[in-house]
Amino acid sequence: MRKINTSLIEQKIYDLALKAGVDLTPTCKSALEKARDGEQNATAKFALDTLIKNSEIAVEENMPVCQDTGMAVVLIELGQQVYLEGDTLSEAVNRGVKRAYSDGYFRKSVCDPLTRKNTGDNTPAVIHTEIVAGDEIKITFMPKGFGSENMSRLYMLKPAQGVEGIIGAVVETVKLAGSRPCPPVYVGVGIGGSFDTCALLAKKALTRDIGTNNARKDIAEIENEALRRINALGTGCQGFGGSTTALGVSCEWAPTHIAGLPVAINIQCHCVRCEKVII
């Protein structure tokens, strides 16, 4: 049994949040540069170059890379051999978020869904906790902007719709979104599970490095074909046309009921912000 005080988790959340709000993931930066270098549409190429320069300025000036510093999404894999001391896990996470969003001068965007009254500190965070083997804690922090979140969709397909139905749902979601999620987008897809777990799978898919494929060959084929069809739409960077509407498509899957085929599509904008640490 390994004892860990939740004050350490609070500090790690604080550090991850400050970095994630400013810095794009390395694979996002590389994907944007690759898209710009291969783009033939002059307007789209200019837009891609502007996004890249913006990300560089954000790091140089230690400023948010986007004005929408997002709702804090925290994925925690908690080893079953860990004994947590101190305050509760959720209290520690939320204190870390609160401190980071204040010290980083990040926009605070969390509010009551009906009154629209702002909570004032960007809490509560969305926290997903999974108990796993071992004596470590893996924390993934992803600030999720709602320009892209609002474009996400959930489909309850018929089993007979199969692979073509899955790809069609993914492409349709991106097509209907148009320029609103600030493309080029990163597309997370959850396949299987239930109504709720399917959406979480899609969220988890967005934490993968852009350009990686699922270990299952048939799932990887869905990722590649969906990306090909999305980029054939011609929406392009910021809706200006061109060859890159999406930087990548990542799919995660889970077994489902014999009568169903849930598919969730979680859209991420060109600001792919995701930081991880293992305690």
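**Exercise 1. Which residues form a nonpolar patch on the surface, with about 310 Å² of accessible area together?**

Before we start, note that this is a predicted model, where local features need pLDDT of at least 70 and side-chain atom pairs count only at pLDDT 80 or more, while totals for chains, interfaces and linings use all residues. Residues are numbered from 1 along each chain as its sequence is written, and side-chain values use heavy atoms, leaving out hydrogens and water.

*Solution.* The patch is made up of Leu154, Met156 and Phe195. Patch members have over 30% relative accessible area and no salt bridge (a side-chain nitrogen of Lys or Arg within 4 Å of a carboxyl oxygen of Asp or Glu). Nonpolar side chains (Val, Leu, Ile, Met, Phe, Trp, Tyr) are joined within 5 Å, like charges within 9 Å. Areas come from the Shrake-Rupley method with a 1.4 Å probe, and for residues only the protein chains shown count as cover.

**Exercise 2. Place Leu154 in its sheet.**

*Solution.* Leu154 lies in strand β6, residues 153–157 (strands are DSSP runs of E, at least two residues, numbered from the N terminus). Four strands make an open, mixed sheet in the order β6-β9-β7-β8. β6 and β8 (246–254) are at the edges with a single partner strand each, so one side of each has no neighbour in the sheet. Next, β6 pairs with β9 (residues 261–268) in the antiparallel sense over five bridges; pairing takes at least two DSSP bridges. Arg153 stands opposite Ile265 in β9.

**Exercise 3. Count the disulfides.**

*Solution.* A disulfide needs two cysteine sulfur atoms within 2.5 Å. Cys182 has its closest cysteine sulfur in Cys269, 6.1 Å away, too far for a bond. For Cys274, the closest is in Cys28, at 11 Å, also too far. The count is zero.
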